[in-house]
Structures are given as C-alpha cells and as structure tokens.
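User: I am new to this structure and would enjoy a friendly tour. Please take my questions one at a time.

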Amino acid sequence: MVLGIYGSGGCGREVRDIAELLGTWKEIVFIDDIAEEGMFKGIERMSFRSFIQKKKTKSAHVIIAVGEPKD
C-alpha cells in the first residue's frame with residue numbers, strides 16, 4: 001500500500017518521519033502541485049495528477065500535510 005503525503009514542506013516531512021516509524025506502508029511519496037517533480041529528501045515527489053496516474057490509488061492512503069503554524 002502507498003501513502004501519499006500532500007505537501008513536502010516541514011509538516012509533510014514530519015508526517016513522513018512518523019509514517020516511516022509506523023512501518024505500515026510499502027511506499028511513501030510526497031504529493032506537491034507547486035514544487036518540481038523528482039526525488040526530494042530521498043522520497044519521490046510528484047503532482048497529484050501524476051500520483052493518480054502512476055499509483056494504484058484504490059489502495060492508497062493520502063494525508064494532507066499543509067499548514068502554517070501560528071506564532
């Protein structure tokens with residue numbers, strides 16, 4: 001099963017760290033419609049459209065990891 005983390009900023013990277021510790025997913029990818037596609041911090045990064053086209057989304061999990069912490 002694949003985990004798509006929507007957002008490759010700080011929040012997304014923290015979610016990735018937790019997901020890796022849990023070990024539930026066979027593959028983890030970043031989904032980011034703004035940043036360039038390719039490898040990022042050792043993980044594949046792709047647009048949402050690419051994610052839908054390349055991954056078996058019927059068995060995928062997606063988590064939204066976009067936000068700005070309040071001061």
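User: With which side chain does the side chain of Glu 27 make a polar contact?
Analyst: Happy to start there! The side chain of Glu 27 reaches its partner at 2.7 Å. A polar contact is a pair of N or O atoms within 3.5 Å; within protein, one must be able to donate a hydrogen and the other to accept it, and residues adjacent in sequence count only if both atoms are side-chain atoms. The partner side chain belongs to Lys 55.

User: What pLDDT do side-chain atom pairs need to count?
Analyst: Residues are numbered from 1 along each chain as its sequence is written, and side-chain values use heavy atoms, with hydrogens and water left out. This is a predicted model in which totals for chains, interfaces and linings use all residues, local features need pLDDT of at least 70, and side-chain atom pairs count only at pLDDT 80 or more.

User: Where does Lys 55 lie?
Analyst: Helices (H or I, at least four residues) and strands (E, at least two) are DSSP runs, numbered from the N terminus. Lys 55 belongs to neither kind of run, but to the loop between helix 2 (48-54) and strand 5 (61-64).

User: Is Lys 55 buried or exposed?
Analyst: The cut-offs decide this: buried means under 20% relative accessible area, exposed over 50%, and partly exposed in between (1.4 Å probe, protein chains only). Lys 55 has 16% relative accessibility, so Lys 55 counts as buried.

User: Which residues is Lys 55 in contact with, leaving aside neighbours within four places in sequence?
Analyst: Contact means heavy atoms within 4.5 Å. One of the residues that Lys 55 is in contact with is Glu 27, also its side-chain polar partner. The full set is Val 2, Glu 27, Val 29, Glu 44, Met 46 and Ser 50.

User: What relative accessible area does Glu 27 have?
Analyst: Glu 27 is found in strand 2. Its contacts, not counting residues up to four places away in sequence, are Met 1, Val 2, Leu 3, Glu 44 and Lys 55. Glu 27 counts as partly exposed because its relative accessible area is 30%.

User: In what order do the five strands form the open sheet?
Analyst: The pairing in the sheet is mixed, and two strands pair if DSSP finds at least two bridges between them. The order is 3-4-2-1-5.

User: Which strands stand at the edges?
Analyst: An edge strand of this sheet has a single partner strand, so one side is left without a neighbour in the sheet. Neighbouring strands are turned by 35° against each other on average, direction ignored. The edge strands are strand 3 (38-40) and strand 5.

User: How many bridges join strand 1 to strand 2?
Analyst: These two strands run parallel. Gly 4 stands opposite Val 29 in strand 2, and Tyr 6 has Ile 31 as its bridge partner there. The number of bridges joining strand 1 to strand 2 is five.

User: Which residue in strand 4 stands opposite Ile 31?
Analyst: Strand 2 (residues 27-31) and strand 4 (residues 43-46) run parallel and are joined by two bridges. Opposite Ile 31 stands Met 46.

User: Why is strand 2 largely enclosed by the rest of the structure?
Analyst: One member of strand 2 is Ile 28, which counts as buried because its relative accessibility is 15%. Strand 2 is largely enclosed because its buried residues number four of the five.

User: At about what angle does helix 1 run to strand 2?
Analyst: Helix 1 (residues 10-22) lies across strand 1 (2-6), strand 2, strand 3, strand 4 and strand 5. Axes are lines fitted to C-alpha atoms, for helices over the stretch in contact, and angles run from 0 to 180 degrees between N-to-C directions. Helix 1 runs to strand 2 at about 170°.

User: Which residues form the one aromatic pair?
Analyst: Rings of Phe, Tyr and Trp (its six-membered ring) pair if their centres lie within 6.5 Å; planes under 30 degrees apart count as stacked, over 60 as edge-to-face and the rest as tilted. A search of the whole structure finds one aromatic pair. The pair is edge-to-face, at 5.9 Å centre to centre with 65° between the planes, and its members are Phe 30 and Phe 40.

User: How far from the centre of the Phe 40 ring is the charged end of Arg 45?
Analyst: A charge sits over a ring if NZ of Lys or CZ of Arg is within 6 Å of the ring centre and within 35 degrees of the ring normal. The charged end of Arg 45 sits over the Phe 40 ring, and its distance from the centre is 4.1 Å.
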